Amino acid sequence: MQRIRLRYTKRGRLRFTSHRDFQRAFERALRRAEVPMAYSAGFTPHPKVSYANAAPTGTGSEAEYLEIALTEARDPEKLRILLDESLPTGLDIVDAVEARTSGLADRLTASEWELRLDGVDPEEAARAVEVFKAAELVEVQRRTKNGMRTFDARAAVVDLDSRDGHARDDHDARDGRDGSTGAAGSETPRPRADRPTDQPCAILRLVVRHVTPAVRPDDVLSGLRAVADLAPPVPAAVTRLAQGLFDDETGTVTDPLAPDREAVPALSTAEPAAAAEASAPVGPA
């Protein structure tokens, strides 16, 4: 049985796709692409697909991950292309590797987010960020299925900074691109029609560890409102740029598929050596 790990996106209007809607769309794509899926046992077999830490409905993402199990070996890149062609634009399969290590979900311990705050003055956002970062405790409330819950939104935040959204847009235009690069090197498309130019705009970059209870971007916004009275006039446009292990030395979120890529050369080197050892004569010559 072969296991393939995929990275996919939720862009544009498709950011409003729920996780269940994506599951249905992805299973249809598997059938269209005629992928030789392995199925679970029992009276109602299901394709063996494992989803890891999906982003909330309404947020965009450049770094969603899943793993599929196949009954026949397939080239990961060819499989990626077939699946990408079978999904609607916005739900894009952008990376694929053969799983050669264990514990993909265990490597998703942090996320980098971009929060676009239209109508917020960049200087006001910068002031609020400094107040938030200086606080030892930022208590926020969130409604859960068990009622309102109060927790600290500060401890999980590894890094938070602000910048002028229009300055970034101008830089993108000069570079001839329309996006931003995340910690893992991915580019985040932004339709220029969604970028008003007649009002202030602040961009927040947030790196947060995955803790329990989970601290989400909207929790950080609630914290900014609580400690610095920062209240965007319209809902923030939130995009996950990267997801993986947090590297304390570089301050970045690393690519969780890198260990699988790095394992390929090691295996390729080991196989000829193992074959030579197996064919060597046994006993005295």
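**Exercise 1.** In this predicted model, determine which way strands β3 and β12 (residues 237–244) run relative to each other, and how many bridges join them.

*Solution.* Begin with the bridges: two of them join β3 to strand β12, and the two strands run parallel. To place this contact along the chain, look for Gly60, whose bridge partner in β12 is Thr239.

**Exercise 2.** Find the strands that pair with β3 in the antiparallel sense, and name a pair of opposite residues for each.

*Solution.* Take β1 to start with, which pairs with β3 in the antiparallel sense over eight bridges; here Leu6 stands opposite Leu66 in β3. Then turn to strand β2 (residues 49–52), which is also antiparallel to β3 and pairs with it over four bridges, with Ala52 standing opposite Tyr65 in β3.

**Exercise 3.** Is strand β3 (residues 60–70) largely enclosed or largely open?

*Solution.* Count the buried residues, where buried means under 20% relative accessible area. In β3, 11 of the 11 residues are buried, and therefore the strand is largely enclosed by the rest of the structure.

**Exercise 4.** Describe the largest cavity by its volume and its lining.

*Solution.* The volume of the largest cavity comes to about 40 Å³. Next, consider its lining, which includes Tyr8, Lys10, His19 and Phe22; both β1 (2–10) and α1 (19–32) supply at least two lining residues. Sorting the lining of this cavity by class finally gives four nonpolar, three polar and two charged residues.

How values were computed: Residues are numbered from 1 along each chain as its sequence is written. This is a predicted model: local features need pLDDT of at least 70, side-chain atom pairs count only at pLDDT 80 or more; totals for chains, interfaces and linings use all residues. Side-chain values use heavy atoms; hydrogens and water are left out. On a 1 Å grid over the protein atoms alone, a cavity is a set of points where a 1.4 Å probe fits but cannot get out, and a pocket is an open set with protein on both sides within 12 Å along at least five of seven lines; lining residues have an atom within 4 Å of a point. Grid points are joined across faces, edges and corners, and a volume is the space filled by probe spheres set on the points. Ala, Val, Leu, Ile, Met, Phe, Trp, Tyr, Cys and Pro count as nonpolar, Asp, Glu, Lys and Arg as charged, and the others, Gly among them, as polar. Buried means under 20% relative accessible area, exposed over 50%, partly exposed in between (1.4 Å probe, protein chains only). Two strands pair if DSSP finds at least two bridges between them.
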